[in-house]
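Trainee: I would be grateful for a close look at one part of this model, namely the surroundings of the ligand. Please set out the contacts there and then the strands that belong to the same picture.

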Amino acid sequence: MSQRQTTTAGAPVPTNETSKTAGPRGPVLLEDYQLIEKLAHQNRERIPERTVHAKGWGLQGTFTVTNDITKYTRAKIFSEVGKKTEVLSRWSTVAGEAGAADAERDVRGFSLKFYTEEGNWDMVGNNTPVFFVRDAYKFPDFIRTQKRHPKTNLRSPEAMFDFWAGQPESVHQVTILMSDRGIPQNPTHMNGYGSHTFSMWNHEGTRYWVKFHFKTHQGHDYYTNEKAKELIGQTRESYQEDLWNMIEAGKHPKWTLKIQVMEEEQAASLDFNPFDVTKVWPHKDFPLIEVGELEMHTVPENYFQLVENAAYSPSNVVPGIGFSPDKMLQARVWSYADAHRYRLGTHYEALPANAPKAASVAHYHKDGAMRFFQNDTGNSNAYYEPNQYEDAPRPDPSVMEPPLKIDPEAYRYPQETEEVDFVQPRALYKDVLTDDERVRLHQNMAGAMAPCSDSVKERWYAVLERVHPDYAKGVREAVESAPALPVTDDTPVKAAE
Ligand code: HEM
């Protein structure tokens, strides 16, 4: 006999065909609990989508250590070569809603949850090594320009370029976004970066500043604007389809984790701020050190349970990995958990996607909505601390992070854009991109800013001029040679992207 269908309370149901009515023509009886349960559940199938990075794709996989970095970190995940740790990934676009098309030009999120034996370590990064702004204070404004205009309810290139022109430090990230890397063919064709500077500390209590890089084995294949437009006309779900087909065919995408390491004192003597997320660390000064291999091999059995419910947070670090003075990172450390409590509820860390797998959980937080797990201390008398019980959980002073040296003055420091903010975008534009790539960059940017007002265009050309005169000239020429747009009025939002 096949499995019996039941109510949520486990009672077998006699039929799944009809509601219970007073006669064949109705009305429905209030006692039709099955019907009420069915409709009530449907009404509750959606939860708020992520305020950013709402559209995502996820796989499960394994991380394997291939090189010994124990001199930098005591983190158990890296304790020996060959050690394996389970991982849950979620890749995403930033601006689009949960139903947005996959192949849109946007930064991609690159989130990894490592279920380590000393708790979960989350790497909540992007496919770019830098970010648009360096102060969290600017983040809500920035995101607002990426989302819909309050009146037109359309995406607004005018708002995007207006903001970027007023925030010239963004030009590094905008250059990457408008380059070929702006539309990867799918998440397996992109690198992942922690972007911020993090820290590692070893058993001796020595701290190092660290950047994380996940280098794709699949190559940086990308779509041009034209190809992406054509593809979106055929399917909006190209990434999900690619990932599904790849795993079904037994092809497992891989990345190599590498780190850049800086000694703690070195940070003071550089000609740029190493804690500024709009900057990369030059590879010649801070060479990449191999750490391990990430292989993603499984499509989660239930997308909602594992991928929609995944709650990544930069606050999830483990002994041996820490933060840095980067003020964006510090804001993110508390912002994500706040977002998760709103989106998923108080006990989001106990959901299967987020519950540690390799570590035991023993905290003194107590009740609240959806407390569906047992007492966590293992002793029902030990529901407070300090207490008299020998088997009760106790803090472990051996995992105390080394002290962080900080500047004692609290102040709202001015955020002037300086020449140093243009040095790295200039090197990217002139020394890294090829001639062809520069041409596509000019055209992609011209396409994105074509609907903007002349004043916004001029302000943005002035930013590009500070990077390199050829950059401003190339984009200006590409804008001016593009066919005229049908919308010509002076409203702040001229056309949808
Ligand atoms: C201070 C600046 C930032 C703030 C306040 C912020 C805030 C948020 C919030 C509230 C979410 C939604 C979380 C959720 O509901 O699950 C989110 C998602 C995300 N953010 Fe940020 N963010 C910031 C900067 C960044 C940066 C610099 C990166 C990358 C380097 C980044 C990468 C991501 C990723 C990958 C996700 C999606 C996580 C997932 O897959 O579930 N964010 N961010």
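Mentor: Let us begin with H53, where an N or O atom of the side chain is 3.4 Å from a nitrogen atom of the ligand. Please bear in mind that this is a predicted model. Two further contacts involve oxygen atoms of the ligand: a polar side-chain atom of R90 lies 2.8 Å from one oxygen atom, and an N or O atom in the side chain of S111 is 3.1 Å from an oxygen atom. R90 is also listed among the closest of the 24 residues that surround the ligand, together with R50, N126, R332 and Y336.

By class, the residues of this shell divide into 10 nonpolar, 10 polar and 4 charged. Helix α8 (327-343) gives the most to the shell, with 7 residues. At least two residues each come from α8, β4 and β5 (119-126).

Strand β4 leads on to the sheet pairing. β4 (residues 108-116) pairs with β3 in the antiparallel sense over 7 bridges, and in this pairing W91 stands opposite F110 of β4. Strand β3 spans residues 84-93 and is mostly covered, with 8 of its 10 residues buried. β3 has further antiparallel partners. Strand β2 (residues 60-65) pairs with β3 over 5 bridges, with Q60 opposite L88 in β3. Strand β1 (residues 56-57) is joined to β3 by 2 bridges, again antiparallel, and G56 has S92 as its bridge partner in β3.

Notes. Residues are numbered from 1 along each chain as its sequence is written. This is a predicted model: local features need pLDDT of at least 70, side-chain atom pairs count only at pLDDT 80 or more; totals for chains, interfaces and linings use all residues. Side-chain values use heavy atoms; hydrogens and water are left out. Buried means under 20% relative accessible area, exposed over 50%, partly exposed in between (1.4 Å probe, protein chains only). Helices (H or I, at least four residues) and strands (E, at least two) are DSSP runs, numbered from the N terminus. Two strands pair if DSSP finds at least two bridges between them. A residue is near a molecule or strand if one of its heavy atoms lies within 4 Å of it. A polar contact is a pair of N or O atoms within 3.5 Å; within protein, one must be able to donate a hydrogen and the other to accept it, and residues adjacent in sequence count only if both atoms are side-chain atoms. Ala, Val, Leu, Ile, Met, Phe, Trp, Tyr, Cys and Pro count as nonpolar, Asp, Glu, Lys and Arg as charged, and the others, Gly among them, as polar.
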